[in-house]
Protein chains: 2
Amino acid sequence: MTSTVPPTGTGGLDALFAPKGIAVVGASRNPAKLGAALARSLAGFAGRGGHLALVNGRDEAMHPSVRAAADAGPVDLAMVCVPAAACAGVLAEAADAGARAAVVCGGGFAEAGGPGVRYQEELAAVVAGTGLRLLGPNTSGFLAPRSGVTASFVPGAAQVRPGRIAVVAASGGVNHAMAFLLTEAGHGVSLAVGLGNAVDVSAPDVLDHLAEDPETAAVALHLESVADGPRLVDAVRRLSARRPVVALVVGRHDIGAFAASHTGALATSWRTTRAALAQAGAVLVDDERELVDAVGALAVARARPGRDPGVGVVTAQAGPGLLLLDDLSGRGARVPGLARSTQETLATLLPPLTYQRNPVDTGRPGPELGQVFRAVAEDPRVDVVAGYALHEPDAVDLVAAVRDGRVPDVPLVLGVGGTGDEVVQARRDLLDAGVAVATEPRGVGAGIGALLADARVRARRPGAVGPQQVPTGIRGAHDEHRAKGLLDRLGIRTTPRRACGSRAEAHAALAELGGPVAVKILDATVLHKTEVGGVHLGIGGPAELDTALDRLDAIGAARYLVERMAPPGVDLVLGARRDPVFGPILLLGLGGTTAEALADVAIRLAPLAPDEAAEMPAELAGHALLDGWRGGPVLDTAELGRVTAALGDLLVANPGLDEIEVNPLRLTPDGLVALDAVVMAREAADAHPHR
Amino acid sequence: MTSTVPPTGTGGLDALFAPKGIAVVGASRNPAKLGAALARSLAGFAGRGGHLALVNGRDEAMHPSVRAAADAGPVDLAMVCVPAAACAGVLAEAADAGARAAVVCGGGFAEAGGPGVRYQEELAAVVAGTGLRLLGPNTSGFLAPRSGVTASFVPGAAQVRPGRIAVVAASGGVNHAMAFLLTEAGHGVSLAVGLGNAVDVSAPDVLDHLAEDPETAAVALHLESVADGPRLVDAVRRLSARRPVVALVVGRHDIGAFAASHTGALATSWRTTRAALAQAGAVLVDDERELVDAVGALAVARARPGRDPGVGVVTAQAGPGLLLLDDLSGRGARVPGLARSTQETLATLLPPLTYQRNPVDTGRPGPELGQVFRAVAEDPRVDVVAGYALHEPDAVDLVAAVRDGRVPDVPLVLGVGGTGDEVVQARRDLLDAGVAVATEPRGVGAGIGALLADARVRARRPGAVGPQQVPTGIRGAHDEHRAKGLLDRLGIRTTPRRACGSRAEAHAALAELGGPVAVKILDATVLHKTEVGGVHLGIGGPAELDTALDRLDAIGAARYLVERMAPPGVDLVLGARRDPVFGPILLLGLGGTTAEALADVAIRLAPLAPDEAAEMPAELAGHALLDGWRGGPVLDTAELGRVTAALGDLLVANPGLDEIEVNPLRLTPDGLVALDAVVMAREAADAHPHR
């Protein structure tokens, strides 16, 4: 955990990513050596007039030292290609010679264990002592194609096209894989960085750099582990306010040992990391294909902000149209019926046999396709347009039709099926015309999904968040009565109850509350009351009460809680706790073992505005249960939002509070009622190490 | 429903897919007309010496009739490019002139409604009267690139490469999209067919044709709706016994109106269709990308049959390796630790810093990569190998390494990252060397997933299925007692019970069985006993019993069921019913509203062997609940298999039985116990229209 440690390098990353001069230290004439591969890759930099200096003390044709290289021209960046044990020394020499940035590509550091741990510490010490910005170690480098800086030993890397998409990847291999995929998809990159062991330069550093980079239209972020959650969230929030960020988080499944060997232990969960990034404004994807589709679409166009944008679907063949519609449905996209005026326009353009309501299927497309795109895009219910057509140049000039049919602020993602150079060229021309392209319906769906997610993120009102009027100074043990008292003060409904110190008090409580009641052991040290026989429900009269109290006495109860029974309903679980990486988080799930076995849970960082919290239930796989399932109660999401936000505010305002869980929080015809609550608070209110 | 209707055309499909001569009826000099486009597409056929005759009665440069065309050379196949109203006449003329097959590409038939319905009926009448095999109407045709028969009006269709993968698609558009994607992926097709309205030639016909086609190594099947479930299942079963079949079924989500307009109503469910195809031996995929990856891998190689094959993972970069491992985990792939001898071999090949247990990460790859592949593939625990490497020709010649590392019967799916012609060529060379390729980790995962599914299908023992010793002649109303008597005869455990006609009998039953008991209304006409207050649980003594009987009397109970309570456990729902398309099916789900809301259900066709039924629980999302969740009971899958198979056999053996559902079927520490059962049987045992 390094959440309180500032980045050790100082200064921006321009010296790293836009150097005037580069020294390759450990250059070699042996073409199989890293130093030789790097020198080859950087030939384009020298060709553009950059100062490229090869340093090798044992080769008379090269500079004997970084100092000598710096004497021959500017050296901002040192590419260090020497064995791990020698890297720290070279780094110090480079800094001394005036270099302000360095890349260490080789491995053999912390990821390898053994002496590598010490070598890495030595690197960190040089960074801390000199302010040099260091990328790596254990990375295949970075690519800045526009300035010819191919700081990578991977042979094809120089073929990556310059473009407007930036890649920030935990792994050098993934960085290259993404840069290649984006090039193949017709995009290219503005900057592509593999972070490796990230001794100094980490994802937030690069994201902050990209927030100021006018050449970057969208950012693809690949994450394996997170060292500093809040810093990452802040960086994503700042960047996503200026340009879209699409994130792929590794580790959905348990891939433990190998992941640890590559990235170090995963201290937080995959779900929490995804939730934190989404909340910070990133669009989340599930795999590297969707990453290409999503960032590709967002680099071309963004939809108007909207909480529930409408998708117009235009296809030239009904079969691929069905695949596309099925995919969009799976993403929760809304495909609204078109306005009457739009349908009238379409009726003048299309033969009567075609489907014209949305989706709009043109049958075989003709020159009218552009007007069809325009009519659908101009429909007031449509915010983005999804399209698919086979490449049929004898029927319609797709590029011309699309140029003709473009409507400002209504992005089009168009799948173009076909093979051969002509089709590749058509896709590129479409991209140049401001249309996102894909090769099949699934890719269109992924692009549209990203545009919708981005539009929804931007439509979030920045509602009031942060500690409201919540109790502070919470500490020490909480039995159920005290925990529910806290809920009462937060405005979270409980049922009438009495804490009883004796049998007589319990009988008085029953008489006062009226039956049936629940009777429970009241003891802050008993966490699983039901499991130990500490809960008796539906107690109607004095005789039953005595039986229940006998049983509670038998398990050592000194005090009792007598509580009026709540009506039946649907049980939820709502918790607030501290994540070791991201700090205060909120978790909402359905009650019951099935939901638990499926790990069906929505997560948010706290503090959280009530209207954002109100969106959590929609994420649950079983959310239909909260919407009047079989005549049951309907959740008031605004009420749930208030309750959830209050718990988050409580956690944020109380450093001594570790966790509070309401389980169950029951949805009843009368609203939400907390049936049980657990509060974990420390005696001493020492500040928690995570905020 | 056409399940009892034989195909109306007669004879095989050779005249359709491998014609000696083709007449284009309605050919045109206007390049924008379909007839002109088809003539252009078929130029390759003529170029190979096939007889291509253009027919147009109004163009003196063309043949005036099919008869005239047939006089000039053989005409097996008529491509009909005339308006819908004229098609039947042309079809009859073609048949009369000796053509044995025809394609009608145009639309305006049943899918369009109105007079189109009649035009389609006229086509069917000609087919029935002449035995002509008809593809279409409403299809963009078919492609047989090896013989130059590009029977399609889509311009790029002639660029589809000949290959060893067949496509059978419900939609002409999807057929072309798939053919293009397969070409782009380096494969090409042996035959690609779009079925359209399928008046005559349907998916089972083409699948049967492909079972005899030595040029086809694997088949991609795209389905929108199923007219005849049993016929489709039989065809898939026959074909998959000879070569792999990969199926994509449209309609996961509700895409109702548009789907109906394109395909007609969906009479069965998406889940049932997928389950039926899987049971018949097909590999199921979720989208067209996975279809390409899966059929591409299976066209190159199949793994040894195995119930739980092991995957060896070899990567040249750890980051993409993690993405691959995450994807494989999501597919339920098993990545076993390697044998000690394999690890020893790897230790001699790789530097000590690399991960060598499985996954095996080589760090930067070198010439030893081939030996690494070989060592992993030779490991006795490994059945298939998944790999990923960036294209780094200066580090390793991937194609040579892979050739060197190939082990017979252990397929390799290799992702190759990179851009440019060299990389494309390397992927093609790998394909030629018998290695399945992909462009990213996700594609490798999809290919491996298909190889595993195929290996599992082929490992299924053809266990005894079909009506065993089950009761027959079941008909008429069944109250719970009678329904449970049926379960008793099937060997499905129930709890001791007594059917009681009077209060005195009920008291006697309580005394005999001992408390606590369940007391229920016994009335075959009451289907939802709990909802009407007809079920009272945990009755311990005579006074409680009387109270319960009073309440049952109040809802009109004439008879009672008194039954010993079962121990607590995990509730399942098991049913057998008749699907309108596929006939007898079995459904298994978890009990409770959450499982119901999530529609978490496993489906199989009946009859079913017990060992196949035993595999159903593993498909449930919540299957962890059946495996000792929180100290609960562990399901004996063999027992569940026997119970499930018995229900299926019962349905198959009793035409008068519409449905039997055991709900709940409780998993207890003592095994499975049926707590309630509903039997829906008709009074008259008339044969059901579906088998």
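Okay, let's start right at a salt bridge: the side chains of Arg40(B) and Asp394(A) meet, with N to O at 2.9 Å. This pair crosses between chains, so to speak from B over to A: Arg40(B) is in helix α2, residues 34–41 of chain B, and Asp394(A) is in the loop between β15 and α16 (398–405) of chain A. One thing to keep in mind while you look at it is that this is a predicted model.

Are these two partners buried, exposed or partly exposed? Arg40(B) has 42% relative accessibility, so we call it partly exposed. Asp394(A) comes out at 32%, and that makes it partly exposed too. And if you're wondering about the pairing itself, side chains of opposite charge can pair when their charged atoms come close.

Now, how many salt bridges are there between chain A and chain B? The count is 10. Another salt bridge to look at joins Asp287(B) and Arg442(A), at 3.2 Å from N to O. On top of that, the interface has 20 residue pairs in polar contact, counting pairs with both residues at pLDDT 80 or more.

Which parts of chain A supply the side that touches chain B? Several elements give at least two residues each, among them α2 (34–41), α7 (172–184), α12 (288–300), β15 (384–390) and α18 (441–459). The biggest giver is α13(A), with 10 residues. If you sort the residues on that side of chain A by type, you get 35 nonpolar, 29 polar and 18 charged.

Let's put some numbers on the whole interface. Chain A brings 82 residues to the contact and chain B brings 81. The area buried between the two chains is about 6,800 Å², and 67% of that comes from carbon and sulfur atoms.

Here's a residue on the B side that I'd like you to find: Glu440(B). Look in the loop between β17 (436–438) and α18 (441–459) of chain B. Its relative accessibility is 7%, and because the cut-off for buried is under 20%, Glu440(B) counts as buried. What does Glu440(B) contact, if we skip neighbours within four places in sequence? The list is Leu181(A), Glu288(A), Arg289(A) and Tyr388(B), so you can see residues of chain A as well as one of chain B in there.

Okay, let's leave the interface and step back to chain A. The chain is divided into domain 1 (13–139), domain 2 (160–300), domain 3 (303–459), domain 4 (496–564) and domain 5 (570–681). How far apart are the C-alpha centres of domain 3 and domain 4 of chain A? They lie 64 Å apart. For scale, the C-alpha atoms of chain A fill a box of roughly 100 × 75 × 40 Å along the principal axes.

Inside that box you'll find 24 helices and 27 strands. Chain A has 691 residues, and 59% of them count as buried. Take the contacts in chain A between residues at least 6 apart in sequence: 72% of those join residues at least 24 apart.

Back to salt bridges, this time within chain A. Over all chains, the count comes to 90. One of the pairs in chain A is Glu563(A) with Lys484(A), whose closest N and O atoms are 2.4 Å apart. That pair links distant parts of the chain, 79 residues apart: Glu563(A) is in strand β21 (560–564), and Lys484(A) is in helix α19 (480–490).

Are Glu563(A) and Lys484(A) buried or exposed? Glu563(A) has a relative accessible area of 4%, so it's buried. Lys484(A) is at 0%, so it's buried as well. These two also belong to a network of salt bridges that includes Glu480(A), Lys520(A), Lys529(A) and Asp676(A).

For another pair, go to Asp327(A) and Arg331(A), which meet at 2.6 Å, N to O. Asp327(A) is at 11% relative accessibility, so it counts as buried, whereas Arg331(A), at 25%, counts as partly exposed.

Last stop: Pro230(A), which lies in helix α9, residues 229–240 of chain A. With 14% relative accessibility, Pro230(A) counts as buried. Where is Pro617(A) relative to Pro230(A)? The two prolines are 387 residues apart in sequence and 24 Å apart in space, going C-alpha to C-alpha.

Conventions: Residues numbered from 1 in each chain as written. Chains lettered and ligands numbered in written order. Predicted model: local features only at pLDDT ≥ 70, side-chain atom pairs only at ≥ 80, totals over all residues. Heavy atoms only, no water. Domains from an automatic or database assignment. Contact = heavy atoms within 4.5 Å. Buried area = accessible area lost by both parts, 1.4 Å probe. Salt bridge = Lys/Arg side-chain N within 4 Å of Asp/Glu carboxyl O. Polar contact = N/O pair within 3.5 Å; in protein donor to acceptor, adjacent residues only side chain to side chain. Helix = DSSP H or I, 4+ residues; strand = E, 2+ residues; numbered from the N terminus. Nonpolar A, V, L, I, M, F, W, Y, C, P; charged D, E, K, R; others polar. Buried < 20%, exposed > 50% of the residue type's maximum accessible area, 1.4 Å probe, protein only.
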